[in-house]
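Got the model open in your viewer? Let's take a short walk through it, one selection at a time.

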Amino acid sequence: MPYTSYGVSGLVYDVDSTVESGVQVTATNKTTAENYPAPVTSNALGQYTIDLANFSNGYSVSDEIEVYFYKPGKSAVFTFTVSGSSYEKDVTLSVSTTYTTPEKIAMFLHIQNFTTTSNVSIRAVEELIKREEDYIDETTHNSWRVRYSGTNTGSDTTAKYEFYNLENRKLYHAGIPIFLRHRNIKTLDANSGDEFGMWNGSSYENWLSTKTEGRANDFWLDYEQGTLFIHQGYGLRDTFNKIRVKYRYGDVTVSKIVEDIATKLVAIDLMLSETRVVFPEGGLSIDRKIEILRKDIDDKLSSLIEWTPLNIGLV
C-alpha cells in the first residue's frame with residue numbers, strides 16, 4: 001500500500017453556520033477495517049486535517065473512508081472513496097442524540113467518559129442511543145423529538161402517507177373526526193413536507209393549498225390530541241371519502257423519565273456487550289443490576305404508553 005500523504009480537510013460548522021473549534025475528528029478505513037491511530041481536533045478557525053498516510057497499513061485507491069466528527073451533544077459523519085491526491089469536505093454538526101448522551105451514560109455507570117478511540121467508542125454509544133430512542137418511541141406510540149408519519153426510525157426524515165376513510169360520526173360543531181396515529185402534531189406546513197389530500201374521485205386534492213384551515217372553515221386540527229376534523233358540505237360523497245396525510249409530530253421537551261429510561265437501556269446494552277467495558281467492582285452482580293434496571297424501565301415505560309382512539313374507517 002502507498003504511504004504518500006493524502007490529506008482530508010475542510011471546515012466544521014455548527015447549525016447556525018458558525019465555525020466549530022475543539023471538534024474531535026477521526027476516521028475508519030472501511031475497506032481494511034482499520035481505525036485512524038489518534039483523533040485530531042478542529043482549530044480555532046474550524047479547520048481540520050487528517051492524513052490517510054497515518055493509517056498503519058496506509059491506504060489504496062478505491063478504499064472507502066468514513067470520517068466522524070464529535071463534540072458533546074453534536075456529531076457528523078461522511079464517507080468517501082479514495083481517488084486523486086486529496087479530499088476536501090466541509091461538514092455541519094447536528095444534534096446526534098436526543099434522549100440521553102454518552103456522557104450521561106458514563107456518569108450513570110461510574111466509568112470514564114467514552115472517547116473516539118475507547119474500547120467502546122462514542123460513535124458506538126451514539127448508535128446504541130439511537131436504537132433505544134426508536135425502541136422508546138415504538139413502545140410508547142409517542143416521541144420526544146421530531147418524528148415523521150409512517151416512519152420506523154428517527155433517522156428517517158421523509159414522512160409517509162397515512163390513509164383514512166371518513167366513516168366516523170360527525171361531532172356537533174366540530175366536524176368528522178379523524179384520529180391520527182400520533183399526538184403532538186407540528187403545525188401543518190407544505191414546505192416541511194406535510195400534506196393533507198382529499199380523494200375527489202380521480203385524485204387526491206391538496207387541501208393545504210385549496211382549502212382553509214380553521215375551526216369555522218373547511219378543516220381544523222387539534223394539534224395536541226392529534227385529531228383532524230373535516231367539516232361537511234364540501235361535495236363529500238360516500239364514494240369520495242378517503243384522505244391521506246403526511247405530518248410531523250413529537251413533544252418539544254425530553255422529560256426526565258424518558259432520559260432516565262434511555263440512559264438505563266443503553267447501560268444494559270453495554271453490560272451485555274462483548275466489547276470489554278470496565279465497570280467498578282463490588283456490590284451487586286451484573287445480572288442482578290440488569291434485573292433491577294429492567295424492572296424500573298418496564299414500570300416507567302408502561303406509564304408513558306399512549307392509546308389512539310379507533311377510527312371506524314382506518315385503512
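Start with the walls of the largest cavity: by class, seven nonpolar residues, two charged ones and no polar ones. (Ala, Val, Leu, Ile, Met, Phe, Trp, Tyr, Cys and Pro count as nonpolar, Asp, Glu, Lys and Arg as charged, and the others, Gly among them, as polar.) This is a predicted model, where local features need pLDDT of at least 70 and side-chain atom pairs pLDDT 80 or more, while totals for chains, interfaces and linings use all residues. Numbering runs from 1 along each chain as its sequence is written, and side-chain values use heavy atoms, without hydrogens and water.

Now select L180, L188, E195, F196, L221, L228, V245, K246 and Y247: they line the largest cavity. A cavity here is a set of points on a 1 Å grid over the protein atoms alone where a 1.4 Å probe fits but cannot get out, and lining residues have an atom within 4 Å of a point. The space inside is about 50 Å³, taken as what probe spheres set on the points fill, with points joined across faces, edges and corners. The structure has one cavity of 30 Å³ or more.

Next, colour β14 (195–199) and β18 (242–246), which each give at least two residues to that lining. Strands are DSSP runs of E, at least two residues, numbered from the N terminus.

Last stop: the open three-stranded sheet, antiparallel, in the order β13-β17-β16. Its edge strands, β13 (176–179) and β16 (219–222), each pair on one side only; pairing takes at least two DSSP bridges. Between β13 and β17 (residues 227–230) there are four bridges. Zoom in on P177, and you'll find F229 of β17 opposite.

Notes:
1 Å grid on protein atoms, 1.4 Å probe; cavity = no way out; pocket = protein on both sides within 12 Å on 5 of 7 lines; lining within 4 Å.
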